[in-house]
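Biologist: I should like to understand how the terms used for a structure follow from its values. May we take a few of them in turn?

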Amino acid sequence: ELCFSAGMNDFLSKPFAPDDLRMILEKWLPQRLAEVPSALAPADEAPVSEPAHPDVGTAALTGTLIDVDLGLHFVSGNKKLYARLLGAFLDMQQEHLNKIVAGFAADNPEMVMRATHKLRGMLGTLGVTQACDLAEKLETCLKEGTPLADAQAMYEAFLMCFSASVSEMAQLKTALDHDPAQ
């Protein structure tokens with residue numbers, strides 16, 4: 001609300017798909033849209049991707065903690081990019097998790113909220129919906145002033161789900177790296 005009163009006229013929340021960005025650009029910059037890179041082409045003009053699971057050997061992951069098709073949706077079906085994002089997340093996730101743990105240890109809800117927010121956005125973009133939802137609930141309850149001691153059960157649920165999700169992301173990254181279709 002403060003941003004809108006200061007002159008902001010729209011927003012795009014994370015995670016967002018290229019089509020979402022294109023709609024915002026069409027709304028505010030219709031005459032410049034011809035200059036926008038083809039990666040932002042509407043979905044009907046972009047190459048259609050097959051469901052992710054069968055061709056990358058990840059059938060065992062279907063119905064678990066990662067919605068691969070959702071993650072691929074956010075990168076327009078680009079498996080190579082999705083694999084790179086998974087790798088980048090796996091490389092840095094421990095740093096943010098350590099900040100959450102340190103925030104709880106230091107009774108610093110602001111530190112926990114910032115680190116949780118960063119993880120939440122990345123988890124959503126990768127299609128790790130359950131951990132993303134738990135991170136959002138933890139962040140929201142802390143924003144509402146819930147003391148860290150009272151958020152302990154939610155924190156533990158997030159940690160359990162997050163840990164299992166990271167393990168699955170590592171398996172998926174390996175499968176994508178060995179996918180001959182890339």
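Biologist: Which residues of α7 are buried?

Modeller: In this predicted model, the buried residues of α7 are Ala131, Cys132, Leu134, Ala135, Leu138, Glu139, Cys141 and Leu142. They pack against α5 (79–105), α6 (109–126) and α8 (152–177).

Biologist: How do you know that the span of α7 agrees with the expected 1.5 Å a residue?

Modeller: Helix α7 covers residues 129–143, which is 15 residues. The expected span is 1.5 Å times one less than the number of residues, so α7 should span 21 Å. The C-alpha atoms at its ends are 21 Å apart, and therefore the two values agree. Just after α7, Gly145 takes a positive phi of about 95°.

Biologist: Why are α7 and α8 called roughly antiparallel?

Modeller: The two helices pack at an angle of about 155°, and their axes are 9 Å apart. Angles over 145 degrees count as roughly antiparallel, and α7 and α8 are therefore described in that way. Among the residues that make the contact are Leu134, Leu138 and Cys141 of α7 and Phe158, Cys161 and Phe162 of α8. The crossing of α7 and α8 is left-handed.

Biologist: What makes Asn78 count as partly exposed?

Modeller: Buried means under 20% relative accessible area and exposed means over 50%, with partly exposed in between. Asn78 has 36% relative accessibility, so it counts as partly exposed. Asn78 lies in the loop between α4 (68–73) and α5.

Biologist: What lies 2.9 Å from the backbone nitrogen of Leu81?

Modeller: A polar atom of the side chain of Asn78 lies at that distance from the Leu81 nitrogen.

Note on methods:
Residues are numbered from 1 along each chain as its sequence is written. This is a predicted model: local features need pLDDT of at least 70, side-chain atom pairs count only at pLDDT 80 or more; totals for chains, interfaces and linings use all residues. Side-chain values use heavy atoms; hydrogens and water are left out. Helices (H or I, at least four residues) and strands (E, at least two) are DSSP runs, numbered from the N terminus. Buried means under 20% relative accessible area, exposed over 50%, partly exposed in between (1.4 Å probe, protein chains only). Contact means heavy atoms within 4.5 Å. A polar contact is a pair of N or O atoms within 3.5 Å; within protein, one must be able to donate a hydrogen and the other to accept it, and residues adjacent in sequence count only if both atoms are side-chain atoms. Axes are lines fitted to C-alpha atoms, for helices over the stretch in contact, and angles run from 0 to 180 degrees between N-to-C directions. Angles under 35 degrees count as roughly parallel, over 145 as roughly antiparallel, 65 to 115 as roughly perpendicular and the rest as oblique. A crossing is left-handed if the near helix is turned anticlockwise from the far one by less than a right angle, and right-handed if clockwise.
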